[in-house]
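Subject: Handover of a structure

Dear colleague,

Please find the structure below, together with its sequence. An account of what was found in it follows.

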Amino acid sequence: MHFDLTQEQLMIKKMIKEFADEVVAPGADERDKTKQFPKEIFAQLAELDILGLPFPEEYGGGGADTISFALVVEELSRACGSTGITYSAHISLGGAPLALFGTEQQKLTYLSRICSGESLGAFGLTEPSAGSDAGGTRTTAVREGDDWRINGSKCFITNASYAKFLALTAVTDKEQGSRGITAFIVPTDAPGFTVIDNYEKLGLHSSNTTELVLEDVVVPDENVLGKMGEGFKQFLITLDGGRIGIGAMAVGIAQAAYDRALAYARQRIAFGQSISKFQAIQFKLADIAMQIELARTMVLKAAWLKDQGRKFTKEAAMAKLYASEIAMAATHQAIQIHGGYGYMREYQVERFFRDARLLEIGEGTSEILRSVIAREVGCS
Ligand SMILES: Cc1cc2nc3c(=O)[nH]c(=O)nc-3n(C[C@H](O)[C@H](O)[C@H](O)COP(=O)(O)OP(=O)(O)OC[C@H]3O[C@@H](n4cnc5c(N)ncnc54)[C@H](O)[C@@H]3O)c2cc1C
């Protein structure tokens, strides 16, 4: 057993760290304020061949592993949470279901456009009355000859305004419950398809979060993704991988908060000395450092298991749950260490705090993840 990254992983980490520091970080505060989507950054990531990183080279991907994907998400999120979630969703929610369940033709047609960056990746599972309980999907797809007619709506969908198509779930056989849900690849410019970008969010302001409305959207049978009736199962498998991305995001945001807090504690003088000399502050920083170390190790272990083709449901759930909770703790304490300045936008830690909050909710709430872990350890 060893904990070293490979040469290739180290190279990717170095490249993306420089990119994050030089290109992503400088505009992050401004984008947060103006809610401007990081479009230019994604154009540059496409040039760097990062947008298809873990997908096979035959579809234009980078052929890299999940560990490399996690390293990229962590570094981007350290600089800007919105950029981090956009990238994580693009790969692990947008591209992954196509790579995992698509036919050869679907991969050539759709996955290749994800890899090139021609389309951002998105994934439509959540509905107004079906979030954690995704089996309660109400969107329907009715067969009409060789086509399917889809009606319904989805909410909180990341990246859809910048996606040319996305995979979404619809009920094809109501009698079968969650076994009657099928996934479809739907072009976002199809007649009857509306993408609404209108949410007022707590954080991740420059990420794109949308509502989807489907009114008599017609897609051909060849757009069924995977097997009929397996959409629910496919999306649960997809979410296992997505949780590695959210875990990596949490580690990146926690690291950013820690870096700022440590630097501030060293230079802030109170009672004649730097506040980093007070044990109360030292213990906060020691705890955050330890939690980040553990969260990063858990995320990379889950990624490693996935790369080995081994089961990783439990580890991905644990990594996402732990990392998202310590990201909240780290950003909370980073504000505390900054005192009143931490409450001000200028010092950035309040952005990290707002951005981190989503991580306990998206891709499995903390409550749902505890249920997943309980099931995996044999409670039920
Ligand atoms: C910014 C953002 C981006 C998102 N991006 C996407 C995306 O790209 N694609 C997508 O499909 N979805 C996306 N989501 C949706 C997200 O995955 C859901 O919000 C999440 O799964 C929770 O569902 P819900 O909001 O319906 O809450 P609910 O499921 O209604 O949960 C409400 C509360 O009840 C608890 N609860 C529910 N069921 C149980 C249970 N069985 N046991 C214990 N507690 C329970 C929950 O933990 C939570 O605390 C996004 C959400 C946000 C906010």
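In what sense do strands S4 and S5 pair, and over how many bridges? The model is a predicted one, and in it S4 (residues 165–171) and S5 pair in the antiparallel sense, with seven bridges between them. One point of contact is Phe-165, which stands opposite Pro-187 in S5.

Strand S5 has a further partner. It is joined by two bridges to strand S8 (residues 224–225), and these two strands also run antiparallel. Here Ala-183 has Leu-225 of S8 as its bridge partner. As for its surroundings, S5 covers residues 181–187, and six of its seven residues are buried, with a relative accessible area under 20%; the strand is therefore largely enclosed by the rest of the structure.

I turn next to the pockets.

The largest pocket holds about 1,200 Å³ of space. Its lining consists of 45 residues, and those closest to the centre are Thr-126, Ile-361, Gly-362, Glu-363 and Gly-364. Five elements each contribute two or more residues to this lining: helix H5 (81–101), strand S3 (147–158), helix H7 (231–267), helix H10 (349–356) and helix H11 (366–376). Of these, H7 gives the most, namely eight residues. Sorted by class, the lining of the largest pocket comprises 22 nonpolar, 13 polar and ten charged residues.

The second largest pocket holds about 590 Å³ of space. It is lined by 19 residues, and His-2, Phe-3, Ile-67, Leu-300 and Trp-304 lie nearest its centre. The elements that supply two or more residues to this lining are helix H1 (7–24), helix H4 (66–79) and helix H8 (279–307). The greatest contribution comes from H8, with seven residues. The lining of the second largest pocket divides into seven nonpolar, five polar and seven charged residues.

Between which domains does the second largest pocket lie? Residues of its lining come from both domain 1 (7–116) and domain 3 (234–376), so the pocket lies between these two.

When you open the model, S5 may serve as a starting point, with its partners S4 and S8. From there, you may wish to go on to H7 in the lining of the largest pocket and to H8 in that of the second largest.

With kind regards

Notes: Residues are numbered from 1 along each chain as its sequence is written. This is a predicted model: local features need pLDDT of at least 70, side-chain atom pairs count only at pLDDT 80 or more; totals for chains, interfaces and linings use all residues. Side-chain values use heavy atoms; hydrogens and water are left out. On a 1 Å grid over the protein atoms alone, a cavity is a set of points where a 1.4 Å probe fits but cannot get out, and a pocket is an open set with protein on both sides within 12 Å along at least five of seven lines; lining residues have an atom within 4 Å of a point. Grid points are joined across faces, edges and corners, and a volume is the space filled by probe spheres set on the points. Helices (H or I, at least four residues) and strands (E, at least two) are DSSP runs, numbered from the N terminus. Ala, Val, Leu, Ile, Met, Phe, Trp, Tyr, Cys and Pro count as nonpolar, Asp, Glu, Lys and Arg as charged, and the others, Gly among them, as polar. Domain bounds come from an automatic or database domain assignment. Buried means under 20% relative accessible area, exposed over 50%, partly exposed in between (1.4 Å probe, protein chains only). Two strands pair if DSSP finds at least two bridges between them.
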